[in-house]
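Thank you all for making the time this morning. I would like to walk you through a structure that is probably new to most of you, and I will take it one part at a time.

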Amino acid sequence: MLTAPHDPPGAKAPRAVVSLSSTELRGRAITRKRRGRALTSFGRTLVGSKKALAGATILFIMVVVAIIPNVLAPYSPSAEVFPPGLGPSGAHLLGTTSYGQDIFSQLIWGTRVSLVIAVVAGLISTFLSVIIGVSAAYLGGVLDGILSLLTDSFLVIPAFPLVVVIAAYSNGGGTPIIIAVLVVTGWSFGARQLRAQGLSLRNRDFLAAAQLRGERRLRIIVFEMLPSMTSLIVANFLGAAVYSVLTAAGLEFIGLGNVNTESWGTMLYWAQNNQALTAGIPLWALAPGLAIALLGGAFALLNYAFDEVSNPALRHVVLTRPHRHRIGRQRAS
Amino acid sequence: MQYLLRRLGFFVATLWVALTINFVLPRLMPGNPAEAMMARFHGKLSGQALSAMEVAFGVKTRSSPVAQYFSYLGDSLTGHWGTSITFFPSSVRSVVDGALPWTLGLVGITTIIAFVIGTLIGIVGAWHRGGWLDGILPPVFIILSAFPYFFIGMLAILAFSIKVHLLPQGGGITNGAMPSLSWNFIGDVLAHSVLPGVTIVVTSIGGWILTMRNNMITTLSEEHVRMARAKGLSSWRIMLDYAGRNALLPNLTGFGMALGFVVSGAILVEYVFSYPGVGYTLLQAVLNEDYPLMQVLFLLITVAVLVAVLLVDIITLVLDPRTRGT
């Protein structure tokens, strides 16, 4: 049963999607209302916390750069047409590589792939975490036992060696393979957290009420449980995105990605291969490294701020009255 | 006792999951990479080594997958790991024996240092919440932990061995140095491990600070801490004995998970510094498509982490009376 670790979630995913589209409008309205509330609190965090604002600003700039690199980059990222190893100047803001490419243009173009990997891998692993974690919590019994064991095992097995081994077997499959590998190794942390929260929700009155109304299990999970977990799910996405940024960069850095894509990790790979540090072109390695750190840091800052929303005990502010009521309810979990 | 048995059970189950992943992966992959590797090394390996590898990777063998699986399990557990291709004709066993002490020393010591320092900063930060220490150290280290390990390593090389020739750029020992028990040799080993060690500590400390600080804040608002204050105990005693000890427990439970991250980062640090440990060897094996060595190293890293987690479970048994009952 455990021999193919990514099978069970894969088999379950489509079913959940199908039933989601076939439900009536009332449920959707409720969901929208709850999700709306969670999003308002997210927005409030964003404005209220300097950390969150810094993270969101960095992220916003990177998204813009990822959308219009052709406007912002002065040259083609791959054209080997300049004198190699130039220092920074007006024409080449960050100098040129040993191959005579413009480093600044590479940095701009690299944003897209790096950002896409982070967001897509983050989204898919969060989706998996939700499905596995919440079903384990809600179904209970033997199924919970099996799913929890699987989750805990994947949590303890060191991810990077596993990532390296899978990437090595798949032999340079490029970005989709990297994303798949990140998902396989990245879902377990969130699944465990969501299971814990799901367990604490299980015995709440509103779920008992839904059961008494005779609603189906799947409906209860999707429309009653999930909306009340929105903040944790968002936090999980941010965590998974940080993990994806760093791990993808590491994989590309050692040459296990597609070395011909334009991404920050790939830039580091070529820089390391040409000993950029000793060859007097340190910017070739420093610029993409800093960009990766900035992207990872942006997600981490948002997560840090968001942690304070989902765990009010960590917060240091005076709350307004209606707000306090809701926080109290969350805290009980 | 029941607690210990449960943790032992988890250890065995996880080990089995890891072994099984290792067995299934090469068989799941499209295009059968193992077969390509076998074809490349057909002339190079002796008949016996070849047939052992055929069993291990399920190539051109007539035995059923189930029989292959059990003989694989047996070979893995008894240390019959075959021949390395990168370091031919050395056995995988001897390559592993050469790499293991380096990593155990480097990662083991740095993890303990990072855990102790991070936990202390977390405790003090939460105690003087909003103070200058709490305002500076946690955010700084949390931002640092968002940096890729290898990037910090590259910065360290640039600063301390290229700009200032203070410490060696990489390797475990100076080229050609003979291993001996002299102070010279020990000093040489230490000098080579300073930069990779500091890199790992600096990047992994943030996680410990964050979890410890959060636990501590939660614990500080509990009744027994208020009680201790009411009794007029010294603040050191309350901070460490009443709050710190309780806040430490969830942090220890999270140790296994965090260790996985640290080990993952350490692999890249070893790569950047060409440090001759398990991680560096693993990446060499990967780049040379040395699947036997790669599989064993992956298993070994996993087992090392599992053993560390089990040790932490035993420490928890000592620290937390609740696990001893029933």
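Let me begin with chain A, where buried residues make up 52% of the 333 residues, and let me say straight away that what you see is a predicted model. Chain A has 15 helices and 0 strands, and, among its contacts with a separation of 6 or more, 71% are between residues 24 or more positions apart. The area that chain A exposes is about 14700 Å², with 64% of it supplied by carbon and sulfur atoms.

Now to the place where the two chains meet. On one side there are 51 residues of chain A, in contact with 54 residues of chain B, and between them the two chains bury about 4800 Å², of which 81% is on carbon and sulfur atoms. In chain A, the residues that lose the most area to chain B are A:Val156, A:Tyr169 and A:Tyr304, which together account for 16% of what that side buries.

Which helices supply the side of chain A that touches chain B? At least two residues each come from helix H6 (141-156), helix H7 (159-170), helix H12 (230-253), helix H13 (264-273) and helix H14 (282-310) of chain A, and H14(A) gives the most, with 12 residues. Sorted by character, the residues of this side are 36 nonpolar, 12 polar and 3 charged. Between chain A and chain B the count of salt bridges is 0, and the count of residue pairs in polar contact, both at pLDDT 80 or more, is also 0.

Salt bridges do occur elsewhere, and over all chains the count comes to 9. One of them joins the side chains of A:Arg195 and A:Asp144 at 2.8 Å, N to O; since A:Arg195 lies in helix H9 (residues 188-202) and A:Asp144 in helix H6 of chain A, the pair ties together parts that are 51 residues apart in sequence. A:Asp144 counts as buried, at 11% relative accessibility, whereas A:Arg195 is partly exposed, at 24%.

A second pair, A:Asp152 and A:Arg192, meets at 3.3 Å, and here too helix H6 and helix H9 of chain A hold the partners, so that parts 40 residues apart in sequence are tied together.

In chain B, the side chains of B:Arg237 and B:Asp241 form a salt bridge at 3.6 Å, and these residues are separated by about one helical turn, because they stand 4 residues apart in helix H10 (residues 235-253) of chain B. Finally, back in chain A, a network of salt bridges links A:Arg213, A:Glu215, A:Arg219 and A:Glu224.

Conventions: Residues are numbered from 1 along each chain as its sequence is written. Chains are lettered from A and ligands numbered from 1 in the order in which they are written. This is a predicted model: local features need pLDDT of at least 70, side-chain atom pairs count only at pLDDT 80 or more; totals for chains, interfaces and linings use all residues. Side-chain values use heavy atoms; hydrogens and water are left out. Contact means heavy atoms within 4.5 Å. Buried area is the accessible area (1.4 Å probe) that two parts lose on being put together, summed over both. A salt bridge is a side-chain nitrogen of Lys or Arg within 4 Å of a carboxyl oxygen of Asp or Glu. A polar contact is a pair of N or O atoms within 3.5 Å; within protein, one must be able to donate a hydrogen and the other to accept it, and residues adjacent in sequence count only if both atoms are side-chain atoms. Ala, Val, Leu, Ile, Met, Phe, Trp, Tyr, Cys and Pro count as nonpolar, Asp, Glu, Lys and Arg as charged, and the others, Gly among them, as polar. Buried means under 20% relative accessible area, exposed over 50%, partly exposed in between (1.4 Å probe, protein chains only). Accessible areas come from the Shrake-Rupley method with a 1.4 Å probe; for residues, only the protein chains shown count as cover.
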